Structures are given as structure tokens and as C-alpha cells.
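User: Please go through the entry below with me. For each label that you apply, I should like to see the criterion behind it.

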Amino acid sequence: MLYDEGGSGTPILLLHGLMGSARTWRDQVPWLREFGHVHTFDAAAHGRPAPAELTTEAFVADLAEATASISDPMVVIGHSMGGLHGWMFAATYPDRVRALVVEDMAPDFRGRTATDWAAMMRTWPQPFPDERAMLDYFGPVAGRYFMASFACGPDGYRLHGPLDTFVAISEEWGTRDFWPGWNSVRVPTLLIEGEYTITPPDQMRAMAAARPHVRYRLVEAAGHLVHDDQPVVYQAEVESFLREVLTEGI
């Protein structure tokens, strides 16, 4: 579940989004090695058993146990669900995090449900027989993301976990207020939001205003997968932030 991707120095931990996998960071790993010792991680319920309770706290506890061997404070970089787990990990284990990058995730989705999203996923023609079918169905950006996440077997590509589990993870967010966790984080943070975000309007800007040492960047022409949609902009923002955190010590 925890993969050593090489590099040396400050540990850097990459956390994927819902229905993602450690492999979705493959394009970011090489340049991140220039800044530290990179690790990727498969969250519980993503190709391995789910926690007994599908709560954010349970996922954070699983993450803490899986990364216990990393002794130095980490730079935690998370996309969507991984961003939420990253800041809740920093709130729960403040001595284990040196800095945060949160991509396209907000603290308060209360009132939203995954009903329409789940209905759409149930129409997916699984298994997808090959890579061409994945790209034709999802498009070049989401298609590559899901190819790196789905389980690939003799008959093609399938979701790497039960759909009902993924839906339940998302539904929990619609019942929770994660602002207290966010407000308790004290490490330098970079917030990256896509122009075509899934987050409630203006919440990520409000996150930046709520705490010191938080930088916010809205990336134009990017959807939810900012790091894949606009990889050059994403890399430039993260590299600039890491230089300040690791070299200048903000």
C-alpha cells in the first residue's frame, strides 16, 4: 500500500483521490524526486480492504499506521479525497507533517449527495476491453487516470473496488463539516483549484483566508484533475512552493 518511489531527503507523500490509486501520480514522481524522498500510497478500499467504518477518521488512522515507518515530518500532497485526508492527517498528527498541498477539495459539502454520480457510474460498460475503449469513453485525461486505477484482468479494465463503497465514502462528505480540522492545521499550505472545480463556490478561497501561510492558486482551463489537465502549471506551482518551504523555511 505504501510505495517507495526513490529520491532522498525530506519525505514527500502523495495521496490520490476517490477511485484513484498510487499509480495516478506517475507523471509527477520524477520531478518531485528533485525535492525529496517520494512515497505513493493506495488508500484503503482502493484495491485493498476497506476500513470497518467508512469514515474520514478511519482512513486517516489507516494512513497513519501505513506511514509509521517514515520518521521525519512529511510534505503531504493530496488530490481531492487525498487532500482531505492530508489535512485531517496534519490536524491529527501535527508533528508528522511539514507542509501540505491540497488540490481541488473543500471542507463543507453538506447537503450534497452522490446519487446522480452513482447512477452515472452504474451505466459504465464494464469491463472496458482495452485502453482504446477507456480513452474513447472517458476522454484523454480521465481515461488515463482510470487506466492507472482500475484493475486490469483477462477481460479488460474494471473498478478496483465495489461501487457502493466508493459512493458511501463520498456520501459521508455530504454529512460532515471539516472546517475545524482545516482551521487547526498550522503548516504552510498550497491550495490548487481547477477553474471547473467540483468544490462548492469560493470555499477554497475561504480556506486560504482562514489561516496564515496559505497560498491559493486558481488554475484556468483545468477540471478536477488539475495535475493531469494542466500539468505544466501544476508543476510550476508545486515546485515554487516546495522551494520556499524546503529551502527558505517558510
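User: Which elements are included in what covers the buried residues of helix 7?

Analyst: The cover of those residues includes helix 2 (56–66), helix 3 (81–92) and helix 4 (115–121). This is a predicted model, in which local features need pLDDT of at least 70 and side-chain atom pairs count only at pLDDT 80 or more, while totals for chains, interfaces and linings use all residues. Residues are numbered from 1 along each chain as its sequence is written, and side-chain values use heavy atoms, with hydrogens and water left out. Helices and strands are DSSP runs numbered from the N terminus (H or I, at least four residues, for helices; E, at least two, for strands).

User: What makes helix 7 mostly covered?

Analyst: Of the 11 residues in helix 7 (residues 163–173), eight are buried. Buried means under 20% relative accessible area, exposed means over 50%, and partly exposed lies in between (1.4 Å probe, protein chains only). Among the buried residues of the helix are Leu163, Phe166, Ile169 and Trp173.

User: How do you know whether Asp164 is buried or exposed?

Analyst: Its relative accessibility is 54%, so Asp164 counts as exposed, the limit for that class being over 50%.

User: What makes the pair of Arg122 and Asp164 a salt bridge?

Analyst: The term requires a side-chain nitrogen of Lys or Arg within 4 Å of a carboxyl oxygen of Asp or Glu. The side chains of Arg122 and Asp164 meet at 2.7 Å, N to O, so the criterion is met. Arg122 lies in the loop between helix 4 and helix 5 (131–138) and Asp164 in helix 7, so this pair ties together parts 42 residues apart in sequence. A search of the whole structure finds 12 salt bridges.

User: Which parts of the chain does the salt bridge of Arg217 and Glu237 link?

Analyst: The N to O distance between the side chains of Arg217 and Glu237 is 2.5 Å. Arg217 belongs to strand 9 (residues 214–219) and Glu237 to helix 11 (residues 231–248), distant parts of the chain that are 20 residues apart. Arg217 has a relative accessible area of 29% and is therefore partly exposed, whereas Glu237, at 15%, counts as buried. Elsewhere, Glu57, Glu172 and Arg176 are joined into one network by salt bridges that share partners.

User: Why is strand 8 described as largely enclosed?

Analyst: Six of the six residues of strand 8 (residues 189–194) are buried, so the rest of the structure largely encloses it. Thr189, Leu191 and Glu193 point one way, while Leu190, Ile192 and Gly194 point the other way, and all are buried.

User: How do you know that strand 8 pairs with strand 5?

Analyst: Two strands pair if DSSP finds at least two bridges between them. Strand 5 (residues 97–103) and strand 8 have four bridges in the parallel sense, so the requirement is satisfied. In this pairing, Val101 stands opposite Leu190. Strand 8 also runs parallel to strand 9, with six bridges between them, and there Leu190 stands opposite Arg215. The connection from strand 8 to strand 9 passes through helix 9 (residues 203–210) in a right-handed β-α-β crossover. Right-handed means that, with the strands pointing away from the viewer, the path from the first strand over the helix to the second runs clockwise.

User: Which residues have the most contacts inside the largest nonpolar core?

Analyst: They are Trp87, Trp124, Phe150, Trp173 and Leu191, in a core of 59 residues. Helix 3 gives the largest share of this core, six residues. A nonpolar core is a set of buried Ala, Val, Leu, Ile, Met, Phe, Trp, Tyr and Cys residues joined through side-chain atoms within 4.5 Å. Apart from the largest core lies another, of 22 residues, among them Ile12, Trp31, Val226 and Phe241. In soluble globular proteins, nonpolar side chains tend to be buried together.

User: Why does Asp108 count as buried, and what is it in contact with?

Analyst: Asp108 has a relative accessible area of 15% and is therefore buried, the limit being under 20%. Asp108 is found in the loop between strand 5 and helix 4. Leaving aside neighbours within four places in sequence, Asp108 is in contact (heavy atoms within 4.5 Å) with Arg176, Trp179, Pro200 and Gln203.
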